[in-house]
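Me: I have a structure open and would like a close look at one part of it, with enough of the surroundings to place that part. Could you take me through it step by step?

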Amino acid sequence: MEVIAILIPLALLLGLFFIGAFIWVTHKGQYDDLETPKLRMLLDEKPKRGKVHEQE
Amino acid sequence: MEICTHCDEQVEVAVFDDSDEASAGYPFCCQGCLTVYKVLQSNGFGEYYQIKSAGGILRKRAPIQLSRSHFTYLDDSSFLLEYTELNSNNQRLISFYLEGIHCLACLWLIEKLPEIAPDVLEAKLDMENSIVSLTLKAEGKLSQAAIALDRLGYRPHPLKKNQKAEELKKREERLQLLRIGVAAAGASNIMLYAVSIYGGAEGSYAAIFNLLTVLFAIPVLTFSAWPFYRTAWLSLRNKEMSIDVPISLALLCGGVMGVYGVVMGIHENYFDSLTALVFLLLLSRYFLKHIQDKGLAAQDLHFFYHNDSVQKSVDGAHECFTSIHPQFLEVGDVIQLNVEDFVPIDGVILRGDLRINMALLSGESEAKKCSVGDAVFAGTQVVQGTALVRVDKAAQDTRLGKILKSVEDGWSQKAPIVKVTQKISSYFLWTVCLLAVSLFIKLSLEGSLSHALEQMITLLIVTCPCALALATPLTFTRALGLAARHGIVVRNDAVIEKLSQVEKVYFDKTGTLTVGRPSVVSCEMLNKSWLPIHDVILSLEKNSKHPMAHALCEYAIAHKAKTLDVEDFEEISGRGVAGTIDGHRYSIHSYQIYEGSKVLASFSVCDSLREDAARVVASLSERGIQVGVISGDKASFAHDVAEQAGIPLTSVFSEVSPEEKNRMMQASQHVLMVGDGANDAMALTSADVGIAVCGSADISLRAADVYLLNPGLSSISELHMLSIETMRIIRRNLVLSLSYNAISVMAVFSGLITPLVAAIIMPLSSLTVLVSTLWGTKKQRSLWKS
């Protein structure tokens, strides 16, 4: 049971880290638009023709 | 029944265009959708249709109405100053609200805008609010971007920048999310330690675990639960009751109890149940607010009832004109009005004759003839002729402006209804307080005072009406979401509740019960013609801008007419059209079609009843609701329409002015008004519930509680049924959650309650109402299924 003395503070630190991260991204505007990004990622970006030629 | 290739609307008679290879064989609901289809194909955006079919449709959209606007006012310097801003890279930023955003492919297409409109550097679409934010070159033309959007079938409305309000709203939303996040983190951590305590942790472990739960509970009960305290305090100060009062009481009691436990060395508290409750409540309210904001967005827009530029005279002889946005017109200016223009001001005709459609302002279905010296009013539309008009009243001073103002005042004066939950929570609180006091007296007489106090606080905690507070917003969210998915935008949850109590329904006539524009109702063939008669009609009438011509074209297209070459076309204003086709002289006038002097056919045109009007009237009357007509039009027209729709003539009111309509609505209770024009706007506000049908004037949209996105009236009957069923679910949830509360009270009185028992009962009750909400009712499930 003594291991709890390490595990609990560790768990707390981990939890606090994620709460901090959550607060940070919320202020950054990550959650301002919840509908469009999930749809936008479904659309394939066609490579621009010029660039394809360069790679070849 | 066919489905439009572009807008996915079901149509009885589809429009086909086989002349073009790209569109051959595809059905369309209207010319607008067909045109947009061709535009997309010719620009190499045919992929739109693949993405649409693969991505699925998020919401229904209305068939496309092309505006053919030139949007020149967007390039005015005064407009740019007020509506746009420059960023640090010297790029111009502007937002437009777009009509018709409905699927994944829309997103794809809109964000491709820079490819069609070179001045646009970036286009970013917010699907949820249908708002596109454009970044343009500083000297780029906004009109070019707007025309491109319009041609793609999304009618743009410029949005005024209100930086401060936007910023405030955004901050509020982020704060709300933070509250939910903190509550989630707190509740889940507390659960970990609470379970250890229930599982038998002892001694110093129990003390540490208990201390940790208190530490985690503090931010949840202060920061996250703040909105509950605020609402409770506000409602108490206004001597009202809200469900937040008993919730706040329970939370505060729980907090006191927990801290007391730490001090006294009692290693048990109610934080696990309470924090989970805060999280769930915040979440359910967030969902409700989110879905209401979607409907509200349309109200916040600075939609202009005349969203196009007008020609203002700049010289004394009225020969030179400049394009200007109506907002910047002043009294004394002279403007030119052409066919299809919306009149932006109140004024007097100086030169020329006009035929004006007054339907939006007065409800009259027949176009009115106006000549020199006659007054014209803002909100009406020119259907024929050209004239110079002197501005007598502009913007807010026009009759329309005054109606708009009274609508906005009406909103602020509209008394909020006392909701079912509010009424219940008042009784609830008194009962709980009474029980708590009697428990305290009983226990203090029996034994120790501290035990009595402890039990009393416990009672206040476990009787928290959490299930009720949780289920109500979720039920409404579900109802609003269901409505939105079927093209009904509902302003808020109170509308649903009011709608379920409606006893009387009044329909406006022109544009609501009827289609609002003339259409061919019958065509009698009298003689055989050389060429197919429908081809003749289409070929001649497509050159005319008269509303009757539009009706005839639609009729001909529905009969799969083709266009033929016309020579010597002439249009005699106010009489008819004539032209030579294939060596034969054809003419159309006085409701008849001639070949030379031979009558080929006679037709009749009128503003016909909407297809589903009679069905909606019948289904509403079946439910015991009184249905009536209230119209600004002449009695004979109103009676005709009422008869066709199956409405008793005793409840038909005709030649009613907008102000009288308003008074009639104020005088009646539990009344629903359905309308479309500016003349209905005041009545829509003062009725208990106002519904604006698809194609309504912007001003009625602002006035209405409900807006139908799909043409037709049938959604009204379904929405009414939905509201009744929603209230039924809410009452059922009420009974369920109150019975759980009764069980907890009995447990407290018999001394059986412990935090563990509470941790079982409280989530269980929430779960029960949740299932009840999602399960719905049989009738609710059958809605929109047939």
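**A close look at strand β4 of chain B**

Reply: 4 bridges join β4(B) to strand β7 (residues 156-159) of chain B, and the two run antiparallel. That is a good place to start, with one caution to keep in mind: this is a predicted model. Within this pairing, B:Y97 has B:H157 of β7(B) as its bridge partner.

β4(B) has other partners too. With strand β6 (residues 131-137) of chain B, β4(B) pairs over 7 bridges, again in the antiparallel sense. To find this pairing on your screen, look for B:F96, whose bridge partner in β6(B) is B:V132. As a general point, side chains in a regular strand alternate between the two faces of the sheet.

Then there is strand β3 (residues 85-86) of chain B, which pairs with β4(B) in the antiparallel sense over 2 bridges. Here B:L86 stands opposite B:R92 of β4(B). The hairpin of β3(B) and β4(B) has 4 residues between the strands, and B:N90 in this hairpin takes a positive phi near 60 degrees.

How many residues of β4(B) are buried? Of the 8 residues in β4(B) (residues 91-98), 6 are buried, so the strand is largely enclosed by the rest of the structure.

Now for the surroundings, beginning with two helices of chain B. Helix α1 of chain B covers residues 31-42, which makes 12 residues. From first C-alpha to last, α1(B) reaches 16 Å, close to the 16 Å expected at 1.5 Å a residue. Its buried residues are B:G32, B:C33, B:L34, B:V36, B:Y37 and B:L40. Just after α1(B) comes B:G44, with a positive phi of about 75 degrees.

Helix α14 of chain B (residues 420-446) has 27 residues and reaches 39 Å between its first and last C-alpha, close to the 39 Å expected at 1.5 Å a residue. The buried residues of α14(B) are B:T421, B:I424, B:S425, B:F428, B:V432, B:A436 and B:L443. What covers them includes four helices of chain B, namely α10 (244-264), α15 (449-462), α16 (466-485) and α26 (714-749).

Elsewhere in chain B, 7 strands form an open sheet with mixed pairing, in the order β15-β27-β26-β25-β16-β23-β24. Its edge strands, β15 (488-490) and β24 (652-653) of chain B, each pair on one side only. At the β15(B) edge, 3 bridges join β15(B) to strand β27 (residues 706-708) of chain B, and these two run antiparallel. B:I488 has B:L708 of β27(B) as its bridge partner.

The nonpolar packing is worth a look as well. The largest nonpolar core has 158 residues, of which B:A145, B:L672, B:I691 and B:V706 touch the most other members. Helix α20 (residues 547-558) of chain B gives this core its largest share, 8 residues. Leaving aside residues up to four places away in sequence, B:L672 touches B:L499, B:V502, B:K504, B:V505, B:A687, B:D688, B:V689 and B:I691. A second, separate core has 64 residues, including B:I180, B:F216, B:F228 and B:L459.

Next, the partner chain. Chain A has 3 helices and 0 strands, and 0% of its 56 residues are buried. The contact between the chains takes 15 residues from chain A and 16 residues from chain B. On the side of chain A that touches chain B, α1 (4-28) and α2 (36-40) of chain A each supply at least two residues. α1(A) gives the most, with 6 residues. By type, the residues on that side of chain A divide into 7 nonpolar, 4 polar and 4 charged.

Finally, how far does the predictor's confidence go? The model scores ipTM 0.81 and pTM 0.75. Chain B averages a pLDDT of 83, with 93% of the residues scoring at least 70. Confidence in chain B is lowest in strand β2 (residues 10-11), at a mean of 70, and highest in strand β16 (residues 504-507), at 93. Over residues 298-306 of chain B the pLDDT is below 50, and this stretch has 19 contacts in the model beyond near neighbours in sequence. Where pLDDT is low, the predicted coordinates should not be read in detail.

Technical notes. Residues numbered from 1 in each chain as written. Chains lettered and ligands numbered in written order. Predicted model: local features only at pLDDT ≥ 70, side-chain atom pairs only at ≥ 80, totals over all residues. Contact = placed C-beta atoms within 7 Å. Nonpolar A, V, L, I, M, F, W, Y, C, P; charged D, E, K, R; others polar. Expected span 1.5 Å × (residues − 1). Buried ≥ 20, exposed ≤ 12 C-beta atoms within 10 Å, placed from the backbone. Pairing = 2+ DSSP bridges. pLDDT = per-residue confidence, 0-100. Core = buried A, V, L, I, M, F, W, Y, C linked by C-beta atoms within 7 Å.
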